[in-house]
Amino acid sequence: MTHRFNEYRSPLEQSLKHSVSYLESLADRPVDKGTSSQALRTAIGGRLPLKPTDPSQVIDDMVKNVDAGLIASGGARFFGYAIGSSFPASLAADWLVSAWDQNVPYYVSSPAMSVVEETAADWMVELLGLSQGTAVGFTSGAQEAIYTGLITARNTLLERAGWDVATQGLFDAPRINVVVSDQIHSTIKRALSMIGIGLETIITVPTDDNLRIIPDNLTETIGLLEGPTLVCAQAGCIDSGAFDPFNELADAVEAHGNAWLHVDGAIGLWAAASDKQKHLLAGIERADSIDTDGHKWFNMPYDSGMIVVKDAAALSKAMGGSNMGDYLNDAMDKPDRNAINFGISASRRARGVPVYAAFKSLGKEGIVEHIDHCTDLAKRMANTLADIDGITVLNDVVSNRFSAQFGHGDDEYRNELTARVVHRLQEEGTLYPSTSGYKGLKTMLFSVLSCHTSVADIDLSAEKIIEAYLTEQECMKGSIRG
Ligand SMILES: Cc1ncc(COP(=O)(O)O)c(C=O)c1O
C-alpha cells in the first residue's frame with residue numbers, strides 16, 4: 001500500500017480538532033473519570049486488526065475510546081506529584097517535530113535541528129546563569145538526564161583514579177563512594193543500581209526540618225572519605241521544595257581532590273532564572289553536573305529533560321560518540337553540534353525544538369514571571385491553610401510546593417485524616433493534590449507547576465480543601481464515636 005502526501009491532511013485536521021477540544025475542556029474536566037481498566041480494555045483492545053481502517057477514522061475512534069482513561073494533569077488545578085502543563089508555543093512546536101520527523105544525533109542528519117538545539121542549550125545556560133561553555137543535552141526526562149550525568153561522573157572519577165571504564169569495564173575498578181541525603185529521589189538510586197556503582201556504597205546524611213542537607217554533617221563525611229567520591233544533592237526536594245546548600249557542598253567536593261557534585265534539579269532548577277529566587281541556588285554553577293526536567297516546572301510537553309555538564313569534553317567522552325562505525329565517520333567529522341556527544345540516545349526526535357519555542361515565545365521576562373507566579377501561588381495556598389486551626393504546613397515554603405497535615409491528635413489519627421482529606425478531594429474533582437510522606441508522616445503534597453493556574457484557582461481550591469478537612473474530621477469523629 002503506497003500512501004500519498006496529501007493523505008496526512010484529513011487525519012491531522014481531525015487531530016487538531018480533537019486536541020483543541022481536549023485542551024479547552026481542561027478548564028472544567030474532572031482530573032480522573034475513575035473508569036476501570038476492564039472498561040478501557042474493552043474499548044481500546046480486542047483482536048489485532050486484519051484489514052486497514054481509514055486514518056481519520058482511527059483518530060476519531062481512538063479519541064472516543066481513550067477519553068474516560070485520560071488524567072487531566074495539564075489542567076489548572078492539578079497539584080499532585082510534580083507535573084506541569086504545556087506552554088502553547090511548545091505544544092505547537094512539538095507537533096512540528098513529529099511532522100518534520102528529523103533524526104538528530106548528527107549535524108548532517110538535520111542541520112536545522114542541530115542549530116535549534118544548540119541555540120536552546122546556549123539560551124538555557126544564559127537564563128540559569130551557568131558558566132559559559134557548559135554543555136546541555138536534551139533527554140527524555142530527568143531519569144535519563146541522571147543516567148547521563150552519573151555515567152559522566154563515574155567515568156571521570158575513575159579516569160582520575162587511573163581506570164578507563166570505556167575500555168576496561170567496571171570489574172575490578174576502584175570503588176566509588178557515594179554520598180546522598182536521606183531525601184534523595186528514587187531515580188538517583190535507580191541510576192546508581194543500573195550503572196555499576198551499586199547501592200551498597202551509598203552513605204546517607206541527614207536533613208533538617210525542611211528536608212535540606214545539614215552541611216556540617218556532609219562536609220565532615222566527605223572529608224573522611226578516600227578515593228573517587230560522588231556527591232548527589234537536590235535543587236527542589238519533592239516534598240518541601242528545599243534546595244541543598246550548594247556552595248558548602250562544592251567547597252567540600254573541591255577540598256576532597258577526586259569528588260564530583262551532581263545536583264538533581266528536576267523540580268527546582270528553573271528558579272535560577274528569577275532574581276527573587278536565585279539565592280536558593282547560590283553556588284549551583286559550581287556543580288559538575290545537573291539534571292532537570294522540561295516537562296515539570298518549565299511546562300514542556302512530555303519527553304523533555306536536560307543534562308547540564310560543566311566540562312563539555314567529559315560529557316562527550318563519556319557518551320563515546322566518536323567511534324560509531326565507518327558509515328558515520330563523515331558525519332562525526334563535522335565541526336558542528338552532533339547531539340550524540342551530549343547524551344545517551346542515538347536516533348531520537350528533536351526534543352530541543354519545544355524548548356526553543358518556549359524561549360522565543362515567553363522571552364526571559366515571561367519565563368521568570370511564570371516561575372515567580374507558581375511560587376507566589378504555592379505560598380498563597382500555604383498561608384491560607386496555615387491560618388486554619390488544625391492544618392499544619394510542614395515546611396517553610398520557598399518554592400513551588402509544600403506538604404501539609406490535617407487534624408490534632410496523635411500521628412496515627414493525623415495520618416489517617418490527611419489521607420482521607422486528599423482522597424475526598426481527588427474524588428470530588430475540583431482539584432487534585434496527592435498524598436506523600438514527610439519524615440514518616442502521611443501528608444498532602446501540594447505542587448504548583450502549571451502555566452494555567454490563577455489566583456482564583458488557588459482560592460477556590462483552598463475553600464475546597466478546608467471544606468474537605470472539616471467534613472472528614474466530622475466523619476472520623478462519627479466513626480470513632482460509633
Ligand atoms: C526530584 C526528582 N528527581 C527526578 C525525577 C525523575 O524525573 P522523570 O520522571 O522526568 O524522569 C523526579 C520525578 O518526579 C523528581 O521529582
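This report looks at the overall build of a predicted model and then at one pair of its helices.

## The chain as a whole

Let's start with the broad view. The protein chain carries 15 helices and eleven strands. Its radius of gyration is 24 Å, close to the 23 Å that the globule rule gives for 482 residues, so the chain is as compact as a globular protein of that length. Measured out along the principal axes, the C-alpha trace spans about 75 × 70 × 45 Å.

Two further values help fill in the picture. Of the 482 residues in the protein chain, 44% are buried. Among contacts with a separation of 6 or more, 74% are between residues 24 or more positions apart.

## How α6 and α8 cross

Now for a closer look at two helices. Helix α6 covers residues 142–160 and helix α8 covers residues 186–194; their axes come within 9 Å and cross at roughly 50°. That angle makes α6 oblique to α8, because it falls neither under 35 degrees nor in the range of 65 to 115. The crossing of the two helices is right-handed.

## Where the two helices meet

Which residues of α6 and α8 meet? On the α6 side they are Ala142, Gln143, Ile146, Tyr147 and Leu150. Their partners in α8 are Thr187, Ile188, Ala191 and Leu192.

By residue class, the contact of α6 with α8 is made up of seven nonpolar residues and two polar ones, with no charged residues. Gln143 in α6 and Thr187 in α8 are the polar pair in that list.

Key. Residues numbered from 1 in each chain as written. Predicted model: local features only at pLDDT ≥ 70, side-chain atom pairs only at ≥ 80, totals over all residues. Axes fitted to C-alpha atoms, helices over the stretch in contact; angles between N-to-C directions. Helix = DSSP H or I, 4+ residues; strand = E, 2+ residues; numbered from the N terminus. Parallel < 35°, antiparallel > 145°, perpendicular 65-115°, else oblique. Left-handed = near helix turned anticlockwise from the far one by under 90°. Contact = placed C-beta atoms within 7 Å. Rg over C-alpha atoms; globule rule 2.2 N^0.38 Å. Buried ≥ 20, exposed ≤ 12 C-beta atoms within 10 Å, placed from the backbone.
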